[in-house]
Amino acid sequence: MKRILMILIVFFSIPLFEAHAEFLSYPCSILLEPVKDIPNMQGTALITKVKKPYTDEPDSPVRERTAIGIYADWVPQPSEFGDYDQYEGYAQIPGVISWRFKMYPVKEDQPSIFGGIPWVGKFDEISAEFSPDAIVQLRLSNSRSGTLGPAILQNTVKGCVRQGG
């Protein structure tokens, strides 16, 4: 009898936990906060779901992936931080998996009087499900050595969390 009672309690309490579960809502944008106090430097990340065909064939089935796009502005040249020549976007689910992707400088017709230039990049092949503690960063990088440097902008995706139920 106790065993049946325990099973019933567990069975009926599961929906209560699910009703208050956190999940990520897409599309979502988060501000990327400066790690160091660098004047004017700001960034944002757009995180969304995309449908991608398996092949280039017109009737190819599609698969859903998570995509991240980063826009960072008023960013100093990477060399101002040491032996770095580019920026990379970086996303990770701590302790599980991470992704690196190249960022590209944007040539402006009229550069900002406040210094720095915009950098942009995106990656759309993420098949893992993000958790609220997933991290998105703009990091320094050395293209010759492949060395990934420290983050200069970052945030978690907690701003994308919506309560279920």
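A residue counts as exposed when its relative accessible area is over 50%, as buried when that area is under 20%, and as partly exposed in between. Glutamate 129, with a relative accessibility of 55%, is therefore exposed. The cut-offs return throughout this description of what is a predicted model.

The overall layout comes first. The protein contains 1 helix and 11 strands, and along the sequence these follow the order α-β-β-β-β-β-β-β-β-β-β-β. Of its 165 residues, 35% count as buried. The accessible surface amounts to about 10,500 Å², with 58% of it belonging to carbon and sulfur atoms. Among contacts between residues at least 6 apart in sequence, 60% join residues at least 24 apart.

Confidence deserves a word before the details. The mean pLDDT of the protein is 86, and 85% of the residues reach 70 or more. The highest mean, 98, belongs to strand S9 (residues 135–142), while helix H1 (residues 2–19) has the lowest, at 46. Over residues 7–20 the pLDDT stays under 50, and for this stretch the model has 4 contacts beyond four places in sequence. Where pLDDT is low, the predicted coordinates should not be read in detail.

The interior can be followed through the largest nonpolar core, which has 31 residues; Ile30, Ile68, Phe130, Val136 and Val157 are the ones that touch the most other members. At least two residues of this core come from each of strands S2 (28–34), S3 (42–53), S4 (62–75), S5 (86–93), S6 (97–102), S8, S9 and S10 (147–156). Strand S4 contributes the most, with 4 residues. Phenylalanine 130 gives a good view of the packing: leaving aside neighbours within four places in sequence, its contacts are Leu24, Tyr26, Ile47, Ile68, Ala91, Ile93, Trp99 and Val157. Two of these partners, Ile68 and Val157, are also listed among the core residues that touch the most other members.

On the outside, Tyr71, Tyr104, Val106 and Val120 make a nonpolar surface patch of about 320 Å². Valine 120 sits in strand S8 (residues 117–126), and its relative accessibility of 30% is why it counts as partly exposed.

Charged pairs add another set of links. Side chains of opposite charge can pair when their charged atoms come close. The structure holds 9 salt bridges. In one of them, lysine 49 meets glutamate 129 at 3.2 Å, N to O. Lysine 49 belongs to strand S3 and glutamate 129 to the loop between S8 and S9, so that the pair links parts of the chain 80 residues apart. Lysine 49 has a relative accessible area of 22% and is therefore partly exposed.

A further salt bridge joins the side chains of aspartate 124 and lysine 52, at 3.1 Å, N to O. Because aspartate 124 lies in strand S8 and lysine 52 in strand S3, the pair ties together parts that are 72 residues apart in sequence. Aspartate 124 counts as partly exposed at 26% relative accessibility, whereas lysine 52, at 18%, counts as buried. Both residues also take part in a network of salt bridges that links Lys52, Arg63, Arg65, Asp124 and Glu125.

The side chains of arginine 144 and aspartate 83 meet in a salt bridge as well, at 3.5 Å, N to O. This pair connects two loops, with arginine 144 between S9 and S10 and aspartate 83 between S4 and S5, 61 residues apart. Arginine 144 is exposed at 61% relative accessibility, and aspartate 83 is exposed too, with a relative accessible area of 54%.

Finally, the backbone has some points of interest. Most residues other than glycine have a negative phi, and most peptide bonds are trans. The peptide bond from tyrosine 26 to proline 27 is cis, with omega near -5°, and proline 27 is placed in the loop between strand S1 (22–24) and S2. Asparagine 40, although not a glycine, has a positive phi of about 70°. Asparagine 40 lies in the loop between S2 and S3 and is partly exposed at 40% relative accessibility. Tryptophan 74, in strand S4, also has a positive phi, near 55°. With a relative accessible area of 32%, tryptophan 74 is partly exposed.

Definitions and conventions. Residues are numbered from 1 along each chain as its sequence is written. Side-chain values use heavy atoms; hydrogens and water are left out. pLDDT is the predictor's confidence in each residue, from 0 to 100. Contact means heavy atoms within 4.5 Å. Patches are made of residues with over 30% relative accessible area and no salt bridge: like charges are joined within 9 Å, nonpolar side chains (Val, Leu, Ile, Met, Phe, Trp, Tyr) within 5 Å. Accessible areas come from the Shrake-Rupley method with a 1.4 Å probe; for residues, only the protein chains shown count as cover. A salt bridge is a side-chain nitrogen of Lys or Arg within 4 Å of a carboxyl oxygen of Asp or Glu. Buried means under 20% relative accessible area, exposed over 50%, partly exposed in between (1.4 Å probe, protein chains only). A nonpolar core is a set of buried Ala, Val, Leu, Ile, Met, Phe, Trp, Tyr and Cys residues joined through side-chain atoms within 4.5 Å.
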